[in-house]
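Please open the model in your viewer and keep the sequence panel beside it, since each stop on this tour begins with a selection.

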Amino acid sequence: MARSAQFVVRLAMMFFCVNHFLTAQAQAQEQHQSGIPGYWKGTLSVQGIELELELHLAVTEGGDLTGKMVSVNQGGAEIPITSVKVDVKSIALKMPSVFAEYTATISEDGQRLEGTFTQAGTDSELVMEQMAAPESVTHIETWQGEMKTPRRVLEFQLRLYQNAAGEISAKLDSFTEGALGLQVLVEPMDDGLAFTLEIVDASYVGHFDESRTRLNGTWTQAGKELELNFVKVELEETQTELKLNRPQTPQPPYPYDIEEFVFTNDAESIELSGTLTIPNSEGPHPVAILITGSGPQDRDETIFGHKPFWVIADYLTRHGIAILRYDERGVGQSSGNFFTATSQDFANDVESAVKSVGKHPRIDAAQVGLIGHSEGGYIASMVASRNERIAFIVMLAGPGVPGTEILKKQTYEGSKLIGMSQMALDAQAALVSAYIDALLGSETQVEDSEEIQQHVAILREIVSKGSDIDKATSAAILPTLKALDTKWTRFFLAYDPGDDLQRVRCPVLAMIGSKDVQVDADINLTAIEQALMEGGNNNFQVKKLEGLNHLFQTAETGAGSEYSEIEETFAPAALETMAEWIQSQVTGK
(Lines give C-alpha, C1' and ligand atoms only; values in the text may rest on other atoms or scores of the structure.)
Protein backbone atom coordinates (compact mmCIF):
# COMPACT_ATOMS: atom_id res chain seq x y z
CA MET A 1 0.00 0.00 0.00
CA ALA A 2 2.98 2.28 0.55
CA ARG A 3 3.30 4.74 -2.27
CA SER A 4 5.60 3.88 -5.17
CA ALA A 5 7.87 6.85 -5.92
CA GLN A 6 7.17 8.05 -9.44
CA PHE A 7 10.79 8.71 -10.42
CA VAL A 8 12.35 8.30 -13.84
CA VAL A 9 14.67 5.70 -12.33
CA ARG A 10 11.63 3.44 -11.97
CA LEU A 11 10.65 3.54 -15.65
CA ALA A 12 12.50 0.34 -16.51
CA MET A 13 9.25 -1.45 -17.33
CA MET A 14 7.05 1.56 -18.09
CA PHE A 15 6.80 2.55 -21.72
CA PHE A 16 4.49 5.11 -23.15
CA CYS A 17 3.03 5.88 -26.58
CA VAL A 18 3.79 9.39 -27.86
CA ASN A 19 0.82 11.74 -27.55
CA HIS A 20 0.40 14.79 -29.73
CA PHE A 21 -0.37 18.21 -28.42
CA LEU A 22 -1.39 21.53 -29.92
CA THR A 23 0.13 24.98 -29.80
CA ALA A 24 -0.72 28.04 -31.81
CA GLN A 25 0.50 27.70 -35.38
CA ALA A 26 2.31 31.01 -35.24
CA GLN A 27 4.19 29.92 -32.11
CA ALA A 28 5.07 26.58 -33.71
CA GLN A 29 6.51 28.37 -36.71
CA GLU A 30 8.53 30.64 -34.43
CA GLN A 31 9.86 27.57 -32.63
CA HIS A 32 10.76 25.97 -35.95
CA GLN A 33 12.67 29.05 -37.02
CA SER A 34 14.50 29.20 -33.69
CA GLY A 35 15.84 25.67 -34.16
CA ILE A 36 14.10 24.19 -31.10
CA PRO A 37 12.50 21.31 -33.03
CA GLY A 38 15.06 18.59 -33.52
CA TYR A 39 17.01 16.25 -31.25
CA TRP A 40 18.66 16.99 -27.92
CA LYS A 41 20.56 14.88 -25.42
CA GLY A 42 21.67 15.23 -21.81
CA THR A 43 22.39 13.32 -18.60
CA LEU A 44 20.13 13.44 -15.55
CA SER A 45 21.47 12.46 -12.11
CA VAL A 46 18.77 11.04 -9.83
CA GLN A 47 19.51 9.39 -6.48
CA GLY A 48 23.09 8.66 -7.51
CA ILE A 49 22.04 7.13 -10.84
CA GLU A 50 22.90 8.80 -14.14
CA LEU A 51 20.29 8.54 -16.88
CA GLU A 52 20.93 9.41 -20.49
CA LEU A 53 17.95 11.29 -21.91
CA GLU A 54 17.00 12.38 -25.41
CA LEU A 55 14.46 15.04 -26.30
CA HIS A 56 12.77 14.65 -29.69
CA LEU A 57 10.72 17.61 -30.96
CA ALA A 58 9.22 18.09 -34.42
CA VAL A 59 6.77 20.36 -36.22
CA THR A 60 3.96 18.63 -38.11
CA GLU A 61 2.68 19.63 -41.54
CA GLY A 62 -0.13 21.47 -39.80
CA GLY A 63 2.32 23.52 -37.78
CA ASP A 64 1.79 21.71 -34.49
CA LEU A 65 4.64 20.66 -32.24
CA THR A 66 4.97 16.99 -31.22
CA GLY A 67 7.57 15.28 -29.08
CA LYS A 68 8.77 12.83 -26.50
CA MET A 69 11.51 12.37 -23.91
CA VAL A 70 13.44 9.11 -24.27
CA SER A 71 15.31 7.40 -21.41
CA VAL A 72 18.05 5.74 -23.45
CA ASN A 73 19.60 3.45 -20.85
CA GLN A 74 16.23 2.32 -19.54
CA GLY A 75 15.34 0.38 -22.63
CA GLY A 76 14.39 3.47 -24.63
CA ALA A 77 11.38 4.31 -22.45
CA GLU A 78 9.35 6.94 -24.29
CA ILE A 79 7.75 9.64 -22.14
CA PRO A 80 5.05 11.66 -23.95
CA ILE A 81 5.15 15.45 -23.75
CA THR A 82 1.65 16.91 -23.54
CA SER A 83 2.41 20.62 -23.24
CA VAL A 84 5.18 22.85 -24.56
CA LYS A 85 5.81 26.57 -24.31
CA VAL A 86 8.73 28.21 -26.09
CA ASP A 87 9.74 31.84 -26.39
CA VAL A 88 12.95 33.44 -27.55
CA LYS A 89 14.90 32.54 -24.41
CA SER A 90 13.16 29.61 -22.72
CA ILE A 91 11.33 26.31 -23.12
CA ALA A 92 8.88 24.55 -20.76
CA LEU A 93 7.70 20.96 -21.23
CA LYS A 94 5.16 18.93 -19.24
CA MET A 95 5.13 15.12 -18.96
CA PRO A 96 2.15 14.27 -16.72
CA SER A 97 2.39 10.50 -17.28
CA VAL A 98 5.48 10.52 -15.03
CA PHE A 99 4.50 13.68 -13.10
CA ALA A 100 7.44 15.62 -14.50
CA GLU A 101 8.27 18.99 -16.02
CA TYR A 102 11.36 20.38 -17.72
CA THR A 103 12.03 24.12 -17.86
CA ALA A 104 15.20 25.52 -19.39
CA THR A 105 16.79 28.61 -20.84
CA ILE A 106 17.99 28.52 -24.43
CA SER A 107 21.59 29.55 -25.11
CA GLU A 108 22.21 32.49 -27.42
CA ASP A 109 23.42 30.22 -30.22
CA GLY A 110 20.38 27.95 -29.78
CA GLN A 111 22.56 24.85 -29.27
CA ARG A 112 22.13 24.29 -25.54
CA LEU A 113 19.29 24.02 -22.98
CA GLU A 114 20.14 24.67 -19.34
CA GLY A 115 17.40 23.97 -16.83
CA THR A 116 15.62 21.91 -14.21
CA PHE A 117 13.88 18.54 -14.46
CA THR A 118 11.19 18.40 -11.76
CA GLN A 119 9.56 15.12 -10.82
CA ALA A 120 7.52 14.13 -7.78
CA GLY A 121 8.52 17.37 -6.09
CA THR A 122 12.25 16.79 -6.64
CA ASP A 123 14.37 19.17 -8.75
CA SER A 124 17.39 17.95 -10.71
CA GLU A 125 19.67 19.91 -13.00
CA LEU A 126 19.45 18.87 -16.65
CA VAL A 127 21.56 20.34 -19.45
CA MET A 128 20.77 19.23 -23.00
CA GLU A 129 22.68 19.85 -26.21
CA GLN A 130 21.65 19.41 -29.80
CA MET A 131 22.44 16.06 -31.38
CA ALA A 132 22.30 14.61 -34.86
CA ALA A 133 19.03 13.05 -35.96
CA PRO A 134 18.76 9.33 -35.21
CA GLU A 135 19.52 7.11 -38.14
CA SER A 136 16.60 6.45 -40.45
CA VAL A 137 15.49 2.81 -40.45
CA THR A 138 12.87 0.74 -42.29
CA HIS A 139 10.58 -1.76 -40.59
CA ILE A 140 11.22 -5.06 -42.38
CA GLU A 141 9.84 -7.91 -40.24
CA THR A 142 7.54 -8.64 -37.29
CA TRP A 143 7.61 -11.80 -35.16
CA GLN A 144 5.09 -12.69 -32.44
CA GLY A 145 5.34 -15.40 -29.81
CA GLU A 146 4.58 -16.72 -26.34
CA MET A 147 6.69 -17.91 -23.43
CA LYS A 148 5.19 -20.12 -20.73
CA THR A 149 6.48 -19.55 -17.20
CA PRO A 150 5.44 -21.49 -14.08
CA ARG A 151 2.93 -18.75 -13.23
CA ARG A 152 1.83 -17.18 -16.50
CA VAL A 153 2.13 -16.92 -20.27
CA LEU A 154 4.06 -13.92 -21.60
CA GLU A 155 3.20 -12.54 -25.04
CA PHE A 156 6.06 -10.97 -27.04
CA GLN A 157 6.54 -9.19 -30.33
CA LEU A 158 9.90 -8.65 -32.03
CA ARG A 159 10.18 -5.88 -34.63
CA LEU A 160 13.18 -5.83 -36.98
CA TYR A 161 14.49 -2.72 -38.72
CA GLN A 162 17.15 -2.09 -41.34
CA ASN A 163 19.19 1.04 -42.08
CA ALA A 164 20.61 2.24 -45.41
CA ALA A 165 23.77 0.22 -44.86
CA GLY A 166 21.76 -2.97 -44.41
CA GLU A 167 22.40 -3.24 -40.66
CA ILE A 168 19.66 -4.80 -38.55
CA SER A 169 18.24 -3.39 -35.30
CA ALA A 170 15.25 -4.52 -33.23
CA LYS A 171 12.68 -3.62 -30.60
CA LEU A 172 10.91 -6.05 -28.28
CA ASP A 173 7.35 -5.59 -27.04
CA SER A 174 6.19 -7.44 -23.93
CA PHE A 175 2.40 -7.15 -24.11
CA THR A 176 1.68 -9.09 -20.91
CA GLU A 177 3.92 -6.79 -18.87
CA GLY A 178 2.70 -3.63 -20.60
CA ALA A 179 6.08 -2.72 -22.11
CA LEU A 180 6.45 -1.53 -25.71
CA GLY A 181 9.59 -0.62 -27.64
CA LEU A 182 12.27 -2.29 -25.52
CA GLN A 183 15.60 -1.81 -27.25
CA VAL A 184 17.48 -5.05 -27.82
CA LEU A 185 20.91 -5.77 -29.28
CA VAL A 186 20.17 -8.14 -32.14
CA GLU A 187 22.57 -10.49 -33.90
CA PRO A 188 21.26 -12.05 -37.13
CA MET A 189 22.51 -15.59 -37.83
CA ASP A 190 22.32 -17.72 -40.95
CA ASP A 191 19.84 -20.04 -39.31
CA GLY A 192 18.13 -17.69 -36.85
CA LEU A 193 18.37 -14.69 -34.56
CA ALA A 194 19.94 -13.86 -31.21
CA PHE A 195 19.32 -10.79 -29.10
CA THR A 196 20.12 -9.37 -25.68
CA LEU A 197 17.79 -7.31 -23.52
CA GLU A 198 20.32 -5.53 -21.33
CA ILE A 199 17.80 -3.73 -19.11
CA VAL A 200 16.81 -7.04 -17.44
CA ASP A 201 20.02 -8.97 -18.26
CA ALA A 202 18.22 -11.45 -20.51
CA SER A 203 19.20 -13.09 -23.79
CA TYR A 204 17.56 -15.13 -26.52
CA VAL A 205 18.79 -17.51 -29.20
CA GLY A 206 16.36 -18.88 -31.80
CA HIS A 207 16.61 -20.94 -34.96
CA PHE A 208 14.42 -20.85 -38.08
CA ASP A 209 12.40 -23.81 -39.23
CA GLU A 210 12.61 -24.93 -42.86
CA SER A 211 10.05 -22.36 -44.00
CA ARG A 212 11.86 -19.57 -42.11
CA THR A 213 8.48 -18.45 -40.80
CA ARG A 214 8.99 -19.85 -37.29
CA LEU A 215 11.73 -19.01 -34.83
CA ASN A 216 12.19 -21.63 -32.11
CA GLY A 217 14.53 -20.83 -29.25
CA THR A 218 15.41 -20.25 -25.62
CA TRP A 219 15.09 -17.21 -23.36
CA THR A 220 17.76 -17.05 -20.63
CA GLN A 221 17.41 -14.85 -17.54
CA ALA A 222 18.62 -15.10 -13.93
CA GLY A 223 20.22 -18.44 -14.69
CA LYS A 224 16.96 -19.96 -15.91
CA GLU A 225 16.06 -21.07 -19.44
CA LEU A 226 12.56 -20.97 -20.89
CA GLU A 227 11.24 -21.91 -24.31
CA LEU A 228 10.20 -18.96 -26.48
CA ASN A 229 8.96 -19.52 -30.04
CA PHE A 230 8.03 -16.82 -32.55
CA VAL A 231 5.90 -16.86 -35.70
CA LYS A 232 6.52 -14.37 -38.51
CA VAL A 233 3.50 -12.18 -39.32
CA GLU A 234 2.74 -9.63 -42.02
CA LEU A 235 3.86 -6.08 -41.29
CA GLU A 236 0.26 -4.87 -41.20
CA GLU A 237 -0.38 -7.32 -38.36
CA THR A 238 2.17 -5.53 -36.17
CA GLN A 239 0.59 -4.53 -32.88
CA THR A 240 1.55 -0.94 -32.13
CA GLU A 241 -0.33 -0.48 -28.88
CA LEU A 242 -1.41 -2.47 -25.88
CA LYS A 243 -4.73 -4.23 -26.36
CA LEU A 244 -6.03 -4.96 -22.91
CA ASN A 245 -9.25 -6.87 -22.45
CA ARG A 246 -11.21 -5.24 -19.64
CA PRO A 247 -14.72 -6.69 -19.96
CA GLN A 248 -16.07 -5.00 -16.81
CA THR A 249 -15.38 -1.45 -17.99
CA PRO A 250 -18.87 0.10 -18.28
CA GLN A 251 -20.23 0.79 -21.75
CA PRO A 252 -23.20 2.94 -22.81
CA PRO A 253 -26.11 3.21 -22.70
CA TYR A 254 -26.21 3.83 -18.95
CA PRO A 255 -29.46 3.44 -16.95
CA TYR A 256 -28.59 6.41 -14.75
CA ASP A 257 -27.64 10.08 -15.04
CA ILE A 258 -24.05 11.31 -15.28
CA GLU A 259 -22.96 14.81 -14.27
CA GLU A 260 -19.63 16.57 -14.14
CA PHE A 261 -19.17 17.68 -10.53
CA VAL A 262 -16.67 20.32 -9.41
CA PHE A 263 -16.11 21.26 -5.77
CA THR A 264 -13.57 23.37 -3.88
CA ASN A 265 -11.33 22.90 -0.87
CA ASP A 266 -11.78 26.50 0.24
CA ALA A 267 -9.02 26.38 2.86
CA GLU A 268 -6.40 25.80 0.16
CA SER A 269 -8.27 27.22 -2.86
CA ILE A 270 -8.03 23.86 -4.64
CA GLU A 271 -10.65 22.98 -7.25
CA LEU A 272 -11.36 19.27 -7.60
CA SER A 273 -13.10 17.85 -10.64
CA GLY A 274 -15.14 14.67 -10.66
CA THR A 275 -18.11 12.70 -11.95
CA LEU A 276 -21.41 12.19 -10.17
CA THR A 277 -23.57 9.24 -11.22
CA ILE A 278 -27.17 9.37 -9.99
CA PRO A 279 -29.94 6.75 -10.24
CA ASN A 280 -32.62 7.96 -12.65
CA SER A 281 -35.36 7.03 -10.20
CA GLU A 282 -37.05 9.54 -7.92
CA GLY A 283 -34.75 10.80 -5.17
CA PRO A 284 -33.23 12.08 -3.04
CA HIS A 285 -30.63 9.34 -3.17
CA PRO A 286 -27.92 8.14 -0.78
CA VAL A 287 -24.44 8.83 -2.09
CA ALA A 288 -20.96 7.38 -1.56
CA ILE A 289 -17.76 9.31 -2.22
CA LEU A 290 -14.94 7.17 -3.58
CA ILE A 291 -11.47 7.80 -2.11
CA THR A 292 -8.47 6.52 -4.08
CA GLY A 293 -5.44 4.65 -2.81
CA SER A 294 -1.85 5.87 -2.55
CA GLY A 295 -0.07 7.53 -5.43
CA PRO A 296 -1.50 10.09 -7.87
CA GLN A 297 -4.87 8.72 -8.99
CA ASP A 298 -7.54 9.85 -11.40
CA ARG A 299 -11.27 9.56 -10.68
CA ASP A 300 -11.40 6.00 -12.03
CA GLU A 301 -8.33 4.89 -10.05
CA THR A 302 -6.97 3.74 -13.42
CA ILE A 303 -4.25 1.09 -13.29
CA PHE A 304 -3.05 -1.18 -16.13
CA GLY A 305 -6.14 -0.37 -18.16
CA HIS A 306 -8.42 -1.27 -15.26
CA LYS A 307 -10.86 1.36 -13.99
CA PRO A 308 -12.03 -0.08 -10.65
CA PHE A 309 -13.76 3.09 -9.45
CA TRP A 310 -15.74 3.34 -12.69
CA VAL A 311 -16.77 -0.31 -12.25
CA ILE A 312 -17.81 0.33 -8.63
CA ALA A 313 -19.68 3.51 -9.57
CA ASP A 314 -21.57 1.75 -12.36
CA TYR A 315 -22.56 -1.22 -10.18
CA LEU A 316 -23.65 0.76 -7.13
CA THR A 317 -25.53 3.40 -9.11
CA ARG A 318 -27.46 0.62 -10.85
CA HIS A 319 -28.38 -0.52 -7.32
CA GLY A 320 -29.77 2.82 -6.19
CA ILE A 321 -26.67 4.47 -4.70
CA ALA A 322 -25.30 7.67 -6.21
CA ILE A 323 -21.51 7.85 -6.52
CA LEU A 324 -19.05 10.75 -6.60
CA ARG A 325 -15.54 10.00 -7.81
CA TYR A 326 -12.94 12.67 -8.53
CA ASP A 327 -9.39 13.32 -9.68
CA GLU A 328 -7.02 13.79 -6.77
CA ARG A 329 -5.44 17.20 -6.31
CA GLY A 330 -2.85 17.85 -9.02
CA VAL A 331 -4.18 14.98 -11.17
CA GLY A 332 -6.34 15.12 -14.29
CA GLN A 333 -8.65 18.13 -14.19
CA SER A 334 -8.07 18.96 -10.52
CA SER A 335 -5.80 21.78 -9.38
CA GLY A 336 -3.32 21.70 -6.51
CA ASN A 337 -0.02 19.93 -5.85
CA PHE A 338 -0.25 16.22 -5.10
CA PHE A 339 3.37 15.78 -4.03
CA THR A 340 3.33 18.27 -1.18
CA ALA A 341 0.26 16.71 0.46
CA THR A 342 -0.19 14.08 3.17
CA SER A 343 -3.13 11.82 3.95
CA GLN A 344 -4.42 14.54 6.24
CA ASP A 345 -4.60 16.97 3.31
CA PHE A 346 -6.44 14.38 1.20
CA ALA A 347 -8.89 13.94 4.09
CA ASN A 348 -9.59 17.66 3.95
CA ASP A 349 -10.41 17.28 0.25
CA VAL A 350 -12.88 14.52 1.12
CA GLU A 351 -14.60 16.71 3.70
CA SER A 352 -14.99 19.39 1.05
CA ALA A 353 -16.63 16.78 -1.18
CA VAL A 354 -19.00 15.79 1.64
CA LYS A 355 -20.16 19.39 2.11
CA SER A 356 -20.59 20.02 -1.59
CA VAL A 357 -22.35 16.85 -2.70
CA GLY A 358 -24.78 17.09 0.23
CA LYS A 359 -26.13 20.30 -1.30
CA HIS A 360 -27.07 18.63 -4.57
CA PRO A 361 -30.87 18.69 -4.99
CA ARG A 362 -31.04 15.00 -5.89
CA ILE A 363 -28.83 13.82 -3.01
CA ASP A 364 -29.94 12.96 0.52
CA ALA A 365 -27.59 15.02 2.70
CA ALA A 366 -28.27 12.68 5.65
CA GLN A 367 -27.05 9.64 3.69
CA VAL A 368 -23.52 10.60 2.58
CA GLY A 369 -21.05 7.73 2.94
CA LEU A 370 -17.41 7.07 2.07
CA ILE A 371 -15.76 4.18 0.20
CA GLY A 372 -11.97 4.22 0.38
CA HIS A 373 -9.46 1.87 -1.22
CA SER A 374 -6.08 1.18 0.40
CA GLU A 375 -4.86 4.53 1.77
CA GLY A 376 -8.35 5.80 0.97
CA GLY A 377 -9.68 3.27 3.48
CA TYR A 378 -8.02 4.88 6.46
CA ILE A 379 -8.74 8.35 5.07
CA ALA A 380 -12.42 7.37 5.21
CA SER A 381 -12.09 6.47 8.89
CA MET A 382 -10.08 9.63 9.50
CA VAL A 383 -12.92 11.77 8.12
CA ALA A 384 -15.67 9.76 9.84
CA SER A 385 -13.91 10.05 13.20
CA ARG A 386 -14.36 13.81 13.19
CA ASN A 387 -17.48 14.29 11.05
CA GLU A 388 -20.78 13.04 12.49
CA ARG A 389 -22.52 13.66 9.16
CA ILE A 390 -20.92 10.55 7.62
CA ALA A 391 -23.62 7.87 7.26
CA PHE A 392 -21.33 4.88 6.66
CA ILE A 393 -17.84 3.95 5.51
CA VAL A 394 -16.50 1.05 3.46
CA MET A 395 -12.80 0.23 3.83
CA LEU A 396 -11.50 -1.67 0.79
CA ALA A 397 -8.08 -3.09 1.72
CA GLY A 398 -7.73 -0.25 4.21
CA PRO A 399 -4.97 -0.56 6.86
CA GLY A 400 -5.80 -0.99 10.50
CA VAL A 401 -2.19 -0.93 11.76
CA PRO A 402 0.50 1.80 11.59
CA GLY A 403 2.34 2.41 8.35
CA THR A 404 5.56 1.03 9.82
CA GLU A 405 3.98 -2.43 10.10
CA ILE A 406 2.45 -2.16 6.61
CA LEU A 407 5.75 -1.27 4.96
CA LYS A 408 7.75 -3.94 6.77
CA LYS A 409 5.22 -6.67 5.98
CA GLN A 410 4.76 -5.49 2.41
CA THR A 411 8.49 -5.44 1.65
CA TYR A 412 9.06 -8.85 3.22
CA GLU A 413 6.14 -10.61 1.53
CA GLY A 414 6.84 -9.02 -1.84
CA SER A 415 10.47 -10.18 -1.83
CA LYS A 416 9.48 -13.62 -0.55
CA LEU A 417 6.94 -13.99 -3.33
CA ILE A 418 9.54 -13.49 -6.08
CA GLY A 419 11.88 -16.07 -4.53
CA MET A 420 14.35 -14.25 -2.27
CA SER A 421 16.19 -16.64 0.08
CA GLN A 422 15.39 -16.69 3.81
CA MET A 423 18.81 -15.37 4.86
CA ALA A 424 18.53 -12.48 2.42
CA LEU A 425 14.94 -11.82 3.52
CA ASP A 426 16.00 -11.56 7.17
CA ALA A 427 18.91 -9.23 6.35
CA GLN A 428 16.69 -7.06 4.19
CA ALA A 429 14.02 -6.92 6.89
CA ALA A 430 16.62 -5.70 9.41
CA LEU A 431 17.72 -2.97 6.99
CA VAL A 432 14.14 -1.86 6.34
CA SER A 433 13.37 -1.75 10.06
CA ALA A 434 16.51 0.27 10.83
CA TYR A 435 15.81 2.67 7.98
CA ILE A 436 12.24 3.27 9.13
CA ASP A 437 13.37 3.89 12.71
CA ALA A 438 16.00 6.35 11.51
CA LEU A 439 13.52 8.07 9.19
CA LEU A 440 11.00 8.59 11.98
CA GLY A 441 13.67 9.84 14.35
CA SER A 442 15.26 12.39 12.04
CA GLU A 443 14.23 15.24 9.77
CA THR A 444 17.37 14.82 7.67
CA GLN A 445 18.66 12.24 5.19
CA VAL A 446 19.44 9.00 6.99
CA GLU A 447 20.96 6.62 4.42
CA ASP A 448 24.54 7.63 5.25
CA SER A 449 24.25 6.83 8.96
CA GLU A 450 26.68 4.26 10.32
CA GLU A 451 23.93 1.87 11.43
CA ILE A 452 22.25 1.90 8.00
CA GLN A 453 25.54 1.30 6.25
CA GLN A 454 26.26 -1.66 8.53
CA HIS A 455 22.94 -3.25 7.58
CA VAL A 456 23.64 -2.56 3.89
CA ALA A 457 27.05 -4.25 4.20
CA ILE A 458 25.53 -7.32 5.88
CA LEU A 459 22.87 -7.64 3.18
CA ARG A 460 25.42 -7.28 0.40
CA GLU A 461 27.66 -9.90 1.94
CA ILE A 462 24.78 -12.39 2.20
CA VAL A 463 23.46 -11.86 -1.34
CA SER A 464 26.96 -11.98 -2.85
CA LYS A 465 26.82 -15.72 -2.18
CA GLY A 466 23.16 -16.07 -3.07
CA SER A 467 20.98 -16.34 -6.17
CA ASP A 468 20.48 -13.84 -8.97
CA ILE A 469 17.08 -13.04 -7.46
CA ASP A 470 18.75 -12.20 -4.13
CA LYS A 471 21.21 -9.90 -5.91
CA ALA A 472 18.60 -8.15 -8.05
CA THR A 473 16.13 -7.64 -5.20
CA SER A 474 18.71 -6.34 -2.74
CA ALA A 475 20.15 -3.95 -5.32
CA ALA A 476 16.78 -2.23 -5.55
CA ILE A 477 16.01 -1.94 -1.84
CA LEU A 478 18.22 1.02 -0.85
CA PRO A 479 17.16 3.29 -3.77
CA THR A 480 13.56 2.36 -2.91
CA LEU A 481 14.08 3.28 0.74
CA LYS A 482 15.71 6.58 -0.23
CA ALA A 483 12.67 7.44 -2.32
CA LEU A 484 10.50 7.03 0.79
CA ASP A 485 11.97 10.09 2.49
CA THR A 486 9.01 12.37 1.77
CA LYS A 487 6.50 14.37 3.77
CA TRP A 488 3.76 11.89 2.85
CA THR A 489 5.80 8.86 3.91
CA ARG A 490 6.77 10.31 7.27
CA PHE A 491 3.08 10.87 8.00
CA PHE A 492 2.13 7.41 6.72
CA LEU A 493 4.74 5.65 8.86
CA ALA A 494 3.82 7.53 12.02
CA TYR A 495 0.04 7.38 11.64
CA ASP A 496 -1.93 4.71 13.52
CA PRO A 497 -5.41 4.20 11.96
CA GLY A 498 -6.59 2.57 15.18
CA ASP A 499 -6.72 5.93 16.96
CA ASP A 500 -9.29 7.31 14.51
CA LEU A 501 -11.16 4.01 14.17
CA GLN A 502 -11.90 4.10 17.91
CA ARG A 503 -13.74 7.39 17.35
CA VAL A 504 -15.82 6.22 14.37
CA ARG A 505 -19.50 5.94 15.30
CA CYS A 506 -21.10 5.27 11.92
CA PRO A 507 -21.54 1.76 10.37
CA VAL A 508 -18.33 0.27 8.98
CA LEU A 509 -17.68 -2.47 6.41
CA ALA A 510 -14.03 -3.55 6.09
CA MET A 511 -13.04 -5.99 3.32
CA ILE A 512 -9.58 -7.32 2.42
CA GLY A 513 -8.67 -10.09 -0.02
CA SER A 514 -7.01 -13.23 1.31
CA LYS A 515 -4.28 -12.87 -1.33
CA ASP A 516 -3.57 -9.20 -0.67
CA VAL A 517 0.22 -8.95 -0.25
CA GLN A 518 0.12 -5.18 0.29
CA VAL A 519 -2.36 -5.01 3.18
CA ASP A 520 -2.44 -8.33 5.02
CA ALA A 521 -6.01 -9.44 5.66
CA ASP A 522 -5.55 -11.21 8.98
CA ILE A 523 -3.39 -8.56 10.66
CA ASN A 524 -5.38 -5.54 9.49
CA LEU A 525 -8.92 -6.89 9.84
CA THR A 526 -8.12 -7.98 13.39
CA ALA A 527 -6.77 -4.51 14.20
CA ILE A 528 -9.79 -2.78 12.64
CA GLU A 529 -12.23 -4.99 14.57
CA GLN A 530 -10.40 -4.45 17.84
CA ALA A 531 -10.27 -0.66 17.42
CA LEU A 532 -13.98 -0.40 16.60
CA MET A 533 -14.95 -2.59 19.56
CA GLU A 534 -12.73 -0.61 21.92
CA GLY A 535 -14.45 2.55 20.73
CA GLY A 536 -17.89 1.07 21.40
CA ASN A 537 -18.98 0.75 17.75
CA ASN A 538 -21.02 -2.45 17.35
CA ASN A 539 -22.35 -1.76 13.86
CA PHE A 540 -19.56 -3.14 11.71
CA GLN A 541 -18.55 -6.11 9.59
CA VAL A 542 -15.05 -7.30 8.72
CA LYS A 543 -14.70 -9.71 5.82
CA LYS A 544 -11.76 -11.59 4.36
CA LEU A 545 -12.64 -12.34 0.75
CA GLU A 546 -11.05 -15.57 -0.41
CA GLY A 547 -8.87 -15.54 -3.49
CA LEU A 548 -8.83 -11.77 -4.04
CA ASN A 549 -5.77 -9.52 -4.29
CA HIS A 550 -5.20 -5.89 -3.29
CA LEU A 551 -7.28 -4.66 -6.24
CA PHE A 552 -10.07 -7.16 -5.42
CA GLN A 553 -9.33 -9.23 -8.50
CA THR A 554 -9.56 -13.02 -8.43
CA ALA A 555 -5.84 -13.91 -8.32
CA GLU A 556 -3.46 -16.84 -8.19
CA THR A 557 -0.68 -15.43 -6.02
CA GLY A 558 -1.66 -11.83 -5.27
CA ALA A 559 1.61 -10.50 -6.70
CA GLY A 560 1.53 -7.07 -8.31
CA SER A 561 2.77 -8.59 -11.56
CA GLU A 562 -0.67 -10.21 -11.96
CA TYR A 563 -2.63 -6.94 -11.88
CA SER A 564 -2.21 -6.24 -15.59
CA GLU A 565 -2.66 -9.86 -16.67
CA ILE A 566 -5.99 -10.45 -14.94
CA GLU A 567 -8.93 -9.40 -17.11
CA GLU A 568 -11.28 -9.03 -14.16
CA THR A 569 -11.25 -5.51 -12.74
CA PHE A 570 -13.26 -6.06 -9.53
CA ALA A 571 -14.67 -9.37 -8.35
CA PRO A 572 -18.49 -9.50 -8.70
CA ALA A 573 -18.79 -11.10 -5.26
CA ALA A 574 -17.06 -8.09 -3.69
CA LEU A 575 -19.37 -5.69 -5.56
CA GLU A 576 -22.42 -7.63 -4.44
CA THR A 577 -21.30 -7.74 -0.80
CA MET A 578 -20.66 -3.99 -0.79
CA ALA A 579 -23.98 -3.11 -2.46
CA GLU A 580 -26.08 -5.29 -0.16
CA TRP A 581 -24.37 -3.93 2.95
CA ILE A 582 -24.78 -0.27 1.92
CA GLN A 583 -28.42 -0.82 1.01
CA SER A 584 -29.05 -2.36 4.44
CA GLN A 585 -27.56 0.73 6.11
CA VAL A 586 -29.33 3.43 4.10
CA THR A 587 -32.72 1.71 4.10
CA GLY A 588 -32.59 0.55 7.70
CA LYS A 589 -33.47 -3.02 6.77
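## First stop: the barrel

Select K171 together with Q183, its bridge partner in β13. This is a predicted model, and the pair is a convenient way into its sheet. Extend the selection to strand β12, residues 168-174, and strand β13, residues 179-189, and you will have two strands that pair in the antiparallel sense over four bridges. Such pairing within a sheet runs through backbone hydrogen bonds, and may be either parallel or antiparallel.

Now add the rest of the sheet, going round in the order β10-β11-β12-β13-β14-β15-β16-β17, and the eight strands can be seen to close into a barrel with antiparallel pairing. On average, neighbouring strands of this sheet are turned by 30 degrees against each other, with direction ignored.

## Second stop: two packed helices

Which angle do helix α6 and helix α9 make where they pack? Select residues 422-440 for α6 and residues 487-494 for α9, and the answer is an angle of about 105 degrees, with the axes 10 Å apart. Because angles of 65 to 115 degrees count as roughly perpendicular, α6 is described as roughly perpendicular to α9.

Show the side chains where the helices touch: I436, L439 and L440 in α6 meet T489, R490, L493 and A494 in α9. Sorted by class, the contact of α6 with α9 has five nonpolar residues, one polar residue and one charged residue.

## Third stop: salt bridges

The model has a count of 17 salt bridges, and a few of them are worth selecting one by one.

Begin with R318 and D314, which form a salt bridge whose closest N and O atoms are 2.9 Å apart. Both residues lie in helix α2, residues 308-318, where they are four residues apart, about one turn of the helix. Colour the pair by accessibility and the two ends separate: R318 is partly exposed, with a relative accessible area of 44%, whereas D314 is buried, with a relative accessible area of 11%.

Move next to D349 and R329, a salt bridge with its closest N and O atoms 2.9 Å apart. Here D349 lies in helix α3, residues 343-357, and R329 in the loop between β21 (322-326) and α3, so the pair ties together parts that are 20 residues apart in sequence. Both D349 and R329 are buried.

Then select D522 and K544, whose side chains meet in a salt bridge at 3.0 Å, N to O. This pair links distant parts of the chain, with D522 in helix α11 and K544 in strand β25, residues 540-545, 22 residues apart. D522 is partly exposed, with a relative accessible area of 46%, and K544 also counts as partly exposed, at 37% relative accessibility.

Before leaving the salt bridges, select R112, E114 and E129, which are linked in a network of them.

## Last stop: a residue in α11

Return to helix α11, residues 521-534, and select N524, which lies in this helix. Is N524 buried or exposed? With a relative accessible area of 1%, N524 is buried, since buried means under 20%. To see what surrounds N524, leave aside its neighbours within four places in sequence and display its remaining contacts, which are G398, P399, G400, V401, I406, I512 and V519.

Methods
Residues numbered from 1 in each chain as written. Predicted model: local features only at pLDDT ≥ 70, side-chain atom pairs only at ≥ 80, totals over all residues. Heavy atoms only, no water. Buried < 20%, exposed > 50% of the residue type's maximum accessible area, 1.4 Å probe, protein only. Contact = heavy atoms within 4.5 Å. Pairing = 2+ DSSP bridges. Axes fitted to C-alpha atoms, helices over the stretch in contact; angles between N-to-C directions. Parallel < 35°, antiparallel > 145°, perpendicular 65-115°, else oblique. Nonpolar A, V, L, I, M, F, W, Y, C, P; charged D, E, K, R; others polar. Salt bridge = Lys/Arg side-chain N within 4 Å of Asp/Glu carboxyl O.
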